[in-house]
Amino acid sequence: MIIAVFLLFSLYSSKSFGFDWDSFLEGLYRCNITFQRPIYGDTYLYNDPLSTSFTVIDVFGDDYTFYINQNANSSKISYLSLNIRIPLFYTDSLSIGFSNSQRYFYTNIFNETGFSTDSILMANGGGLYLNLKATNQLCIFTVLGAVYYEIDSVADTLRPSWYGDPGLYWNGYFYEPGTPLKVKGQTDYMFFFSVGIKYYLLSGLYLELCYSNFPGATIKNMSYILEGPTDLKINVSSDKMPKPITIKESSIITFGIGLGL
């Protein structure tokens with residue numbers, strides 16, 4: 001979405017609504033993408049354990065049992081951070097635009113390991129940034145915006161009910177054996193801010209030091225979703241629902257490397 005806004009801005013600012021490659025490339029060069037790791041401050045995660053199972057019966061009477069094991073957590077967690085900043089207005093000394101900040105947490109809630117591509121606990125934030133050029137090599141920036149936490153994690157997979165079973169049939173669709181059952185949920189949006197400096201090693205290549213304050217929140221009222229031809233929400237009793245996941249407020253200093261003017 002944020003890239004689409006930038007493209008529309010580029011078209012709007014082009015000459016007579018014709019495509020101006022010089023303006024487009026100038027704006028593209030001024031986009032920033034930064035990869036960061038924390039060097040000071042911790043983020044803590046808390047949730048109670050859960051070990052349960054539930055069974056789904058389809059229209060043919062075939063039954064499919066899912067086993068849920070949610071590990072207890074009460075410790076600090078590490079993460080990777082990705083920040084993208086796209087200018088809407090810029091001069092030689094300042095730029096103003098949209099910022100997107102994502103933190104991918106290293107967790108083991110539903111037996112995922114590491115930074116899994118199909119099991120994600122993340123913070124996703126967006127807002128406005130202001131970047132000021134202090135010297136030829138040094139810039140100061142700040143970001144004000146909103147962030148939410150979300151989980152999208154594989155808790156189990158669909159097993160065949162009998163040998164050769166094509167899968168669970170529901171509302172005209174077959175869900176094949178091996179289809180992931182995911183736990184999904186997210187918090188409301190909350191305020192966050194960042195302030196930092198960029199030091200350019202070369203034109204378009206910089207080091208970044210950033211302080212950020214992220215709010216605490218709890219992911220609750222999560223859902224079991226069987227992914228397939230169309231996502232199927234599975235309703236269960238309250239005692240079988242995932243336990244709430246709490247991320248504590250954190251003040252973090254990160255260090256990273258980035259590309260862009």
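**View 1. The largest pocket of the predicted model.** By class, five nonpolar, eight polar and five charged residues form the lining of the largest pocket. The model shown here and in the views that follow is predicted. About 310 Å³ of space lies in this largest pocket. The lining counts 18 residues, and Arg30, Lys133, Cys139, Tyr200 and Leu261 are the closest to the pocket centre. Elements E7, E8 and E13 each give two or more residues to the lining. E8 gives the most, with three residues. Arg30, listed here among the residues closest to the centre, returns in View 3.

**View 2. The largest cavity and its lining.** One cavity of 30 Å³ or more is found. About 120 Å³ of space lies in the largest cavity. Its lining is made of 17 residues, with Gln36, Asn83, Ser101, Ser194 and Ser212 nearest the centre. Strand E6 (79–90), E7, strand E9 (138–157), E13 and strand E14 (205–214) each give two or more residues to this lining. By class, the lining residues of the largest cavity are six nonpolar, eight polar and three charged. E7 and E13 give two or more residues to the lining of the largest cavity, and E7 and E13 also do so for the lining of the largest pocket.

**View 3. A salt bridge between Arg30 and Asp92.** Eight salt bridges are found in the whole structure. In one of them the side chains of Arg30 and Asp92 meet, at 3.7 Å from N to O. The pair links distant parts of the chain, 62 residues apart. Arg30 sits in the loop between helix H2 (21–29) and E1. Asp92 sits in the loop between E6 and E7. Are the two partners buried or exposed? Arg30 has a relative accessible area of 15%, under the 20% limit, so Arg30 counts as buried. Asp92 reaches 66%, over the 50% limit, and therefore counts as exposed.

**View 4. Lys184 and its two acidic partners.** Lys184 forms a salt bridge with Glu227, and the closest N and O atoms are 3.0 Å apart. Lys184 lies in strand E12 (residues 180–186), while Glu227 lies in the loop between strand E16 (223–226) and strand E17 (232–234). The pair therefore ties together parts that are 43 residues apart in sequence. The side chains of Lys184 and Asp231 also meet in a salt bridge, at 4.0 Å from N to O. Asp231 is in the loop between E16 and E17, so this pair ties together parts that are 47 residues apart in sequence. Lys184 is partly exposed at 23% relative accessibility. Glu227 is partly exposed at 21%. Asp231 is partly exposed too, with a relative accessible area of 47%. Which residues make up the network of salt bridges? Asp152, Lys182, Lys184, Glu227 and Asp231 are linked in it.

**View 5. A nonpolar patch on the surface.** Ile39, Tyr40, Phe89, Ile96, Leu130, Leu132, Ile140, Ile197, Leu209 and Phe255 make a nonpolar surface patch of about 910 Å². Strand E1 (32–40) and strand E8 (120–133) each supply at least two of the patch residues. Ile197 belongs to strand E13 (residues 190–202). Why can Ile197 count towards a patch? Patch residues need over 30% relative accessible area, and Ile197 passes that cut-off because its value is 37%. By class, Ile197 is partly exposed.

**View 6. Tyr106 beside Ile77.** Tyr106 is placed in the loop between strand E7 (94–105) and E8. Its relative accessible area is 43%, so Tyr106 counts as partly exposed. Tyr106 and Ile77 are 29 residues apart in sequence. In space their C-alpha atoms are 6.3 Å apart.

**View 7. Leu28 and Pro87.** Leu28 lies in helix H2. With a relative accessible area of 40%, Leu28 is partly exposed. Leu28 and Pro87 are 59 residues apart in sequence. The distance between them is 8.6 Å, C-alpha to C-alpha.

Conventions: Residues numbered from 1 in each chain as written. Predicted model: local features only at pLDDT ≥ 70, side-chain atom pairs only at ≥ 80, totals over all residues. Heavy atoms only, no water. Patch = residues over 30% accessible without salt bridge, like charges linked within 9 Å, V, L, I, M, F, W, Y side chains within 5 Å. Areas by Shrake-Rupley, 256 points an atom, 1.4 Å probe, with all protein chains shown as cover. Helix = DSSP H or I, 4+ residues; strand = E, 2+ residues; numbered from the N terminus. Buried < 20%, exposed > 50% of the residue type's maximum accessible area, 1.4 Å probe, protein only. 1 Å grid on protein atoms, 1.4 Å probe; cavity = no way out; pocket = protein on both sides within 12 Å on 5 of 7 lines; lining within 4 Å. Points joined across faces, edges and corners; volume = space filled by probe spheres on them. Nonpolar A, V, L, I, M, F, W, Y, C, P; charged D, E, K, R; others polar.
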